[in-house]
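Good morning, and thank you for joining this meeting. I would ask you to keep the sequence and the coordinates in view while I speak.

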Amino acid sequence: MAEEIKLSAEEVLKIHVQCEDSMDVKDSRDGYLAVIPIVSGTFEGKISGKVVPGGADWSTRQKNGAHVFAKYLLQADNVEYIAVENEGFLGNGQDPCIKTVPKFNADENGAYAWLNYGVYVGKLEAGEKPWQVEITVFRLN
């Protein structure tokens with residue numbers, strides 16, 4: 001009999017992202033596509049810093065839910081940059097939280113190289129301000 005594997009999750013980051021009004025491609029072949037510019041934000045947790053303007057979330061609404069794919073840049077307090085790709089899905093259920101799978105790309109010789117490894121999951125929820133989202137990132141152990 002195989003040994004049961006137990007997973008736990010450690011909160012690593014909380015990212016507060018400020019976006020702007022979407023640029024709507026509208027009804028594409030994959031669904032209603034809206035490109036949402038990322039203009040600012042902050043993050044804290046095991047590391048802290050700011051969200052660099054210039055990223056975007058490519059959000060596609062479909063009949064059975066939505067698909068999101070965001071690509072953006074974080075700048076840590078020590079001025080190192082960390083690239084983020086965050087993809088997720090929202091089903092048609094009652095849960096307003098979008099489950100995501102963030103991937104990090106940090107300098108292999110920098111303080112945050114550990115972000116390049118491991119399995120991360122996230123939850124994306126609406127923030128308090130218009131066009132604001134809160135992303136909580138967990139590392140599976």
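How many residues does the hairpin that joins β3 to β4 run through? The hairpin from β3 to β4 passes through three residues. Before I continue, please bear in mind that this is a predicted model.

Let me stay with this part of the sheet. Strand β4 covers residues 49-62, and nine bridges join β3 to β4, the two running antiparallel. Within that pairing, Pro37 has Ala56 of β4 as its bridge partner. On its other pairing, β4 is joined to β5 by eleven bridges, again in an antiparallel arrangement. There, Gly49 stands opposite Ala76 of β5. These two strands, β4 and β5, also form a hairpin, with two residues between them.

I turn next to the interior. The largest nonpolar core has 26 residues. Those with the most contacts inside this core are Leu13, Ile15, Tyr72, Leu74, Ile82, Phe104 and Leu115. Which strands supply the core with at least two residues each? They are β1 (9-19), β3 (31-45), β5 (65-76), β6 (81-91), β7 (98-106), β8 (120-126) and β9 (132-140). Leu115 may serve as an example of the packing: setting aside residues up to four places away in sequence, Leu115 touches Val12, Ile47, Ile82, Phe104 and Tyr120.

Two of those contacts of Leu115, Phe104 and Tyr120, bring me to the aromatic rings. The structure holds one aromatic pair. The ring centres of Phe104 and Tyr120 are 5.1 Å apart and the planes meet at 80°, so the pair is classed as edge-to-face, for which the planes must be over 60 degrees apart. Phe104 belongs to strand β7 and Tyr120 to strand β8, so the pair ties together parts that are 16 residues apart in sequence. Both Phe104 and Tyr120 are buried.

Now to the polar side chains. His16 is located in strand β1. What does the side chain of His16 contact, and at what distance? One polar contact, of 2.9 Å, is with the side chain of Glu44. Another, of 2.2 Å, joins the side chains of His16 and Glu134. Apart from neighbours within four places in sequence, His16 is in contact with Ser40, Gly41, Thr42, Glu44, Val51, Val133 and Glu134.

A further polar contact involves Thr136, which is placed in strand β9. Its side chain and that of Lys14 are joined by a polar contact of 3.4 Å. Thr136 has a relative accessibility of 2%, so it counts as buried. Leaving out neighbours within four places in sequence, the contacts of Thr136 are Glu11, Leu13, Lys14, Val121, Gly122 and Lys123.

What of the cysteines? The count of disulfides comes to zero. Cys19 takes part in no disulfide, as the nearest cysteine sulfur, that of Cys97, is 16 Å away. A disulfide would require the two sulfur atoms to lie within 2.5 Å. Cys19 is buried, with a relative accessible area of 10%. Cys97 is likewise buried, with a relative accessible area of 8%.

Two backbone angles deserve a remark. Most residues other than glycine have a negative phi. For Lys26, however, phi is near 85°, a positive value in a residue other than glycine. Lys26 is part of strand β2, residues 23-28, and counts as partly exposed at 48% relative accessibility. Trp131, also not a glycine, has a positive phi of about 65°. Trp131 is found in the loop between β8 and β9 and is partly exposed, with a relative accessible area of 38%.

Finally, I come to the segment after β9, where Asn141 is placed. Asn141 is partly exposed, its relative accessible area being 45%. Not counting residues up to four places away in sequence, Asn141 touches Lys6, Leu7, Ser8, Ala9 and Glu10. How far apart are the C-alpha atoms of Asn141 and Val25? They are separated by 39 Å, the two residues being 116 residues apart along the chain.

Terms used: Residues are numbered from 1 along each chain as its sequence is written. This is a predicted model: local features need pLDDT of at least 70, side-chain atom pairs count only at pLDDT 80 or more; totals for chains, interfaces and linings use all residues. Side-chain values use heavy atoms; hydrogens and water are left out. Buried means under 20% relative accessible area, exposed over 50%, partly exposed in between (1.4 Å probe, protein chains only). A nonpolar core is a set of buried Ala, Val, Leu, Ile, Met, Phe, Trp, Tyr and Cys residues joined through side-chain atoms within 4.5 Å. Helices (H or I, at least four residues) and strands (E, at least two) are DSSP runs, numbered from the N terminus. Contact means heavy atoms within 4.5 Å. Two strands pair if DSSP finds at least two bridges between them. A polar contact is a pair of N or O atoms within 3.5 Å; within protein, one must be able to donate a hydrogen and the other to accept it, and residues adjacent in sequence count only if both atoms are side-chain atoms. Rings of Phe, Tyr and Trp (its six-membered ring) pair if their centres lie within 6.5 Å; planes under 30 degrees apart count as stacked, over 60 as edge-to-face and the rest as tilted.
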